[in-house]
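The following account leads the reader through one protein model, beginning with its strands and ending with its cysteines. Please keep the sequence and the coordinates in view while reading.

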Amino acid sequence: SNSIHYSFLRLFGPSFISNIQRLPAGVYYNTLVKMDSHLIKYGVISSEDLYKDLTEWHWMYISGRLHKPVLLLNNNNKLTKALECNLHSAVLCSLLLMNKKYFALEELFMQITRLSYMGDFRMLVGEDRNKIENIVKPNLSHFRKLYSSIINEYLEPDTNNEEMWRLRNPLSLEGKYKQLPLT
């Protein structure tokens, strides 16, 4: 399907592309695809690899991209549960890494976004040093919407400063690290 979107690799057939896709992080990206009047980029991944990365952070590639607000074109119950698992893990891991009693939601969203770039050598050379801010700041309302149920589950506004948030039950976080993906 959509063979014209693929690079010269399409000449070798679908099974060759499937084998290539499984090498780096289980995904093959088609870039610079014209869709109406826009240039888009989209990834193709097997369902098995998608669920593995969302629930186990096997590569932390697709899962990291899906920590951020995206437009989903197709969804089902199993995918919804895997996406929710991924978002919960991102919040729990970020709260543990931040290790703060009080914080702004923007700080939390920055840490969540930072997760997918940890260990990415491109962040050291050549990548915009403000990349994380450039992703989070213009999309704060989308991050709030994406994480609203998880925020309500774990956090509450500080009574002295409504801009700051804190854990509803700080002791509950201690046991939550066991729920994080093992990889």
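Ala104 stands opposite Met164 in E5. The model in which this pair is found is a predicted one. The two residues belong to the pairing of E3 with E5, which runs in the antiparallel sense over two bridges. On the E4 side, Leu155 stands opposite Leu167 in E5, and the pairing of E4 with E5 is likewise antiparallel, over three bridges. Strands of a sheet pair through backbone hydrogen bonds, in either a parallel or an antiparallel manner.

Taken together, these pairings give an open sheet of three strands in the order E3-E5-E4, with antiparallel pairing. Strand E3 (103–104) and E4 stand at the edges with a single partner strand each, so one side of each is left without a neighbour in the sheet. The connection between E4 and E5 is a hairpin, which joins them through six residues.

The side chains of this region can be considered next. Glu156 forms a salt bridge with Arg166, with the closest N and O atoms 3.1 Å apart. Because Glu156 lies in strand E4 (residues 155–157) and Arg166 in strand E5 (residues 164–167), the pair ties together parts that are 10 residues apart in sequence. Arg166 itself is partly exposed, at a relative accessible area of 21%; since the class of buried residues covers values under 20%, Arg166 does not fall into it.

Glu156 also meets the side chain of Arg168 in a salt bridge, at 3.5 Å from N to O. Here the link is between distant parts of the chain, 12 residues apart: Glu156 is in strand E4, whereas Arg168 is in the loop between E5 and helix H8 (170–176). Arg168 is partly exposed, with a relative accessible area of 43%. Which residues make up the network of salt bridges? The network links Glu156, Asp158, Arg166 and Arg168.

A further salt bridge joins Glu107 to Lys100, and its closest N and O atoms are 2.3 Å apart. Both partners are partly exposed: the relative accessibility is 29% for Glu107 and 42% for Lys100. The count for the structure comes to five salt bridges.

Attention now turns to helix H4. This helix spans residues 77–98 and has 22 residues. From its first C-alpha to its last, H4 reaches 32 Å, close to the 32 Å expected at 1.5 Å a residue. At the start of H4, a side-chain oxygen of Asn76 reaches to within 3.0 Å of the backbone nitrogen of Lys78. Just after the helix, Asn99 takes a positive phi of about 50 degrees.

The cysteines remain to be considered. How many disulfides does a search of the whole structure find? The search finds zero. Cys85 is partly exposed, with a relative accessible area of 31%, whereas Cys93 is buried, at 14%. The assignment of Cys93 follows from the cut-off, because buried means under 20% relative accessible area. Cys85, at 31%, is placed in the partly exposed class because that class lies between the 20% limit and the 50% limit above which a residue counts as exposed.

Conventions:
Residues are numbered from 1 along each chain as its sequence is written. This is a predicted model: local features need pLDDT of at least 70, side-chain atom pairs count only at pLDDT 80 or more; totals for chains, interfaces and linings use all residues. Side-chain values use heavy atoms; hydrogens and water are left out. Helices (H or I, at least four residues) and strands (E, at least two) are DSSP runs, numbered from the N terminus. The expected span of a helix is 1.5 Å times one less than its number of residues. A polar contact is a pair of N or O atoms within 3.5 Å; within protein, one must be able to donate a hydrogen and the other to accept it, and residues adjacent in sequence count only if both atoms are side-chain atoms. A disulfide is a pair of cysteine sulfur atoms within 2.5 Å. Buried means under 20% relative accessible area, exposed over 50%, partly exposed in between (1.4 Å probe, protein chains only). A salt bridge is a side-chain nitrogen of Lys or Arg within 4 Å of a carboxyl oxygen of Asp or Glu. Two strands pair if DSSP finds at least two bridges between them.
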